[in-house]
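Trainee: Could you take me through one helix pair up close, and then follow the thread out from there? Don't skip the cut-offs, please.

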Amino acid sequence: MAVAEKMLLMGNEAIARGAVEAGVQVVTGYPGTPSSEVFGTLAHFAKEYGYYAEWSVNEKVALEVAAGAAYAGARALVTMKQVGLNVAADPLMTLAYIGVKGGLVLVVADDPGPHSSQNEQDTRKFAQFAKLPVLDPSTPQEAKDMTVAAFELSEQLGLPVILRPTTRTCHVCQDVTLGPLPATRNECRFDKNPGWVILPGLAYKKHIWLNQKQKEISRLFSSMPFNRAEIKGKAGIITSGVSYNYVVEALEMQGWEASLLKIGTPYPLPEDLVLEFLSRVERVLVVEEQEPVVEDQVIHLAWRHSLPVGVAGKHNGLVPREGELDVDKVTAILYKYFGFVGMEQAAAGNTVRRAPDLPLRTPVLCAGCPHRAVFYGFKEALKDYDPVFTGDIGCYTLGVIPPLNALDTCLCMGASVTIASGLSRVEQGRKHVAFLGDSTFFHTGVAGLINAVYNRAGITLVILDNGTTAMTGHQPHPGIGRNATGDPARRIDIAGLVKGCGVDYIREVDAYNLQEVMQAAREAVEYEGPSVVIARRECVALVRPGVRYRVNTGACIECMLCVENLGCPALCREEKVVISEKCTGCGVCAQVCPAGAIEEVSRHEV
């Protein structure tokens, strides 16, 4: 018998492999950590395996493109992170009523912690809100297998299905057993039918249909291999997703035993399986990250069936609702709740072991980042204006960190423009400057700018154009000139688009030229009505100049302006100011230095 092929894959790569094994035909998405590598991997292999892949301008657009393909019977997958689901919520809620013909899978990566997000929202709650099935993988192998199953489930139910990996599952690596690639793909044809037009009368009928589907999904989930029980006594643990790994490791490390129910399908709950488990234990602890999605359903199920079993977890404060779990935290939770009841192998002297905390590393804009220069230039130019700087989501959010202290607000993608517009209505004598990146401008910034123009909001928008979607891994966008698979694409000129939105004052500047930036800043904020400054320089991670800078110690007056005001990580304070090997040769520090003590040199001279 042939040995199954294995490959070392990151969780996100495993999801991509699962989509290929499932015969995916259309893949869309918008980059967002921790989900980005799912689409990145699929885009890389799109030509080889013959499916269509596009980075869409935002998650709403991505879902709608994928839904259109699924209407015709294609298998389609869309990727995003948890906050991106907010952008896609409008089509998603109605798609749950309309349904699909081909399999439609949403990979929505959650970020407990959070590590790189503005909130910790739980996609399982969103699935519950939309009444859509959600799968919660605990390992890369399970993520791949669940992806294949999600397409089959979607077509069987006629509903979109959500796959919800979390950061640890997305980024951990494992030897994954590969499955066969499909010999054929779905035939595609859109059949015209009144059921695709969601008028109010149809919406009412489809809501009844969707509610009835919940029991069918629950029964299907009860027989799925992603849910399984092990009975080892009257003490029970129900756990879901990556938390399952922490529970298993904690039990093994401490030599404890408990009955264990692993839930890979947290909504709707596999009721038949859960009822069987609850009938065999006296009390149960529910261990899951973020919201009590499984716990709430277990409590409701036990109450409905009058089961004499105690249920503990988040509602009584044992399991936290914020941040990530880990083995140490779970060990402490199990120790506190069970007190070794049903864990006869535990020794009374067992203590919870905890590794020392890792050193704190504050995030910082890269050495030579053009965003730093723009922030510095605007702060210097407008220091007598008492302006409000509204921020957005991207690398440039780090402009809030000292010594720049250059952002006063940050809410969500595209909100810098609209927050500034709102502030301008109630602070009419003040200058309001919004900062956002080139990719974010295409994502949701355009609509905010159109609104500002239409309503004559007296704001300045600064578009930080570094020629990529830098924060999430340098994905392309419509302003780049190439698409997701690397082919040439029509480049959308940002300045032309801004002009098309009705903006009269548009200034394009070199982000590294401080005088140019400062002059544009003063002109833009004095302009009556909306103004736009486009600051251009490539992301320094993609372009490395051939020069560096060094400090002429004889000329240095030790004013420390370069270190204390600019904050470039290549500038170090030793006995005097020193420029380290991190220098990328942007030359901004030389423009800041009042003594002219910072000199350009070629790299081989340093």
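**The first helix pair and beyond**

Mentor: Start with α1 and α2, whose crossing is right-handed; the label applies if the near helix is turned clockwise from the far one by less than a right angle, with anticlockwise giving left-handed. Before going further, bear in mind that this is a predicted model, where local features need pLDDT of at least 70 and side-chain atom pairs count only at pLDDT 80 or more, while totals for chains, interfaces and linings use all residues. Residue numbers start from 1 along each chain as its sequence is written, and side-chain values use heavy atoms, with hydrogens and water left out. Helices (H or I, at least four residues) and strands (E, at least two) are DSSP runs, numbered from the N terminus.

Now the geometry. Two packed helices are described by the angle between their axes and the distance between the axes. For α1 (residues 11-21) and α2 (residues 36-49), the axes come within 8 Å and cross at roughly 40°. Those axes are lines fitted to C-alpha atoms, for helices over the stretch in contact, and angles run from 0 to 180 degrees between N-to-C directions. That crossing makes α1 oblique to α2; the bins are under 35 degrees for roughly parallel, over 145 for roughly antiparallel, 65 to 115 for roughly perpendicular, and oblique for the rest.

Who touches whom? On the α1 side you have N12, E13, I15, A16, R17, A19 and V20, facing S36, E37, V38, T41, L42 and Y49 of α2, where contact means heavy atoms within 4.5 Å. By class, the contact of α1 with α2 has 7 nonpolar, 3 polar and 3 charged residues. Here Ala, Val, Leu, Ile, Met, Phe, Trp, Tyr, Cys and Pro count as nonpolar, Asp, Glu, Lys and Arg as charged, and the others, Gly among them, as polar.

Now try α5 (residues 89-98) with α6 (residues 123-130): their axes come within 9 Å and cross at roughly 45°. That makes α5 oblique to α6. A89, L92, M93 and A96 in α5 meet F126, F129 and A130 in α6, and the class tally there is 7 nonpolar, no polar and no charged residues.

Helix α5 also packs against α9 (residues 200-222), with axes coming within 8 Å and crossing at roughly 80°; α5 and α9 are therefore roughly perpendicular to each other. A96, Y97 and I98 of α5 make that contact with A203, K206, H207, W209 and L210 of α9, giving 6 nonpolar, 1 polar and 1 charged residues by class.

Next, the loop between β5 (104-109) and α6, which holds D110. D110 counts as buried because its relative accessibility is 0%; buried means under 20% relative accessible area, exposed over 50%, partly exposed in between (1.4 Å probe, protein chains only). Leaving aside neighbours within four places in sequence, D110 is in contact with P34, Q82, Q121, D122, T123, R164, P165, T166, T167 and Q290. P114 is also placed in the loop between β5 and α6, and the peptide bond from G113 to P114 is cis, with omega near -20°. A second cis bond runs from Y267 to P268, with omega near -10°; P268 is in the loop between β11 (259-263) and α11 (271-278). Most residues other than glycine have a negative phi, and most peptide bonds are trans.

Two residues have positive phi. D386, near 50°, is in the loop between α14 (370-381) and β14 (388-390). M560 has phi near 65° and is in the loop between β19 and α19 (561-566); at 9% relative accessibility, M560 counts as buried.

Last, the cores. A nonpolar core is a set of buried Ala, Val, Leu, Ile, Met, Phe, Trp, Tyr and Cys residues joined through side-chain atoms within 4.5 Å. Of the 74 residues in the largest one, F378 and F435 touch the most other members. Its largest share, 7 residues, comes from helix α18 (residues 514-526). Beyond its neighbours within four places in sequence, F378 is in contact with F389, V433, F435, V462, V517, A521 and V533. Apart from this core lies another, of 66 residues, among them A19, A88, L104 and L153. That brings us back to our starting pair, as A19 of α1 is part of the contact with α2.
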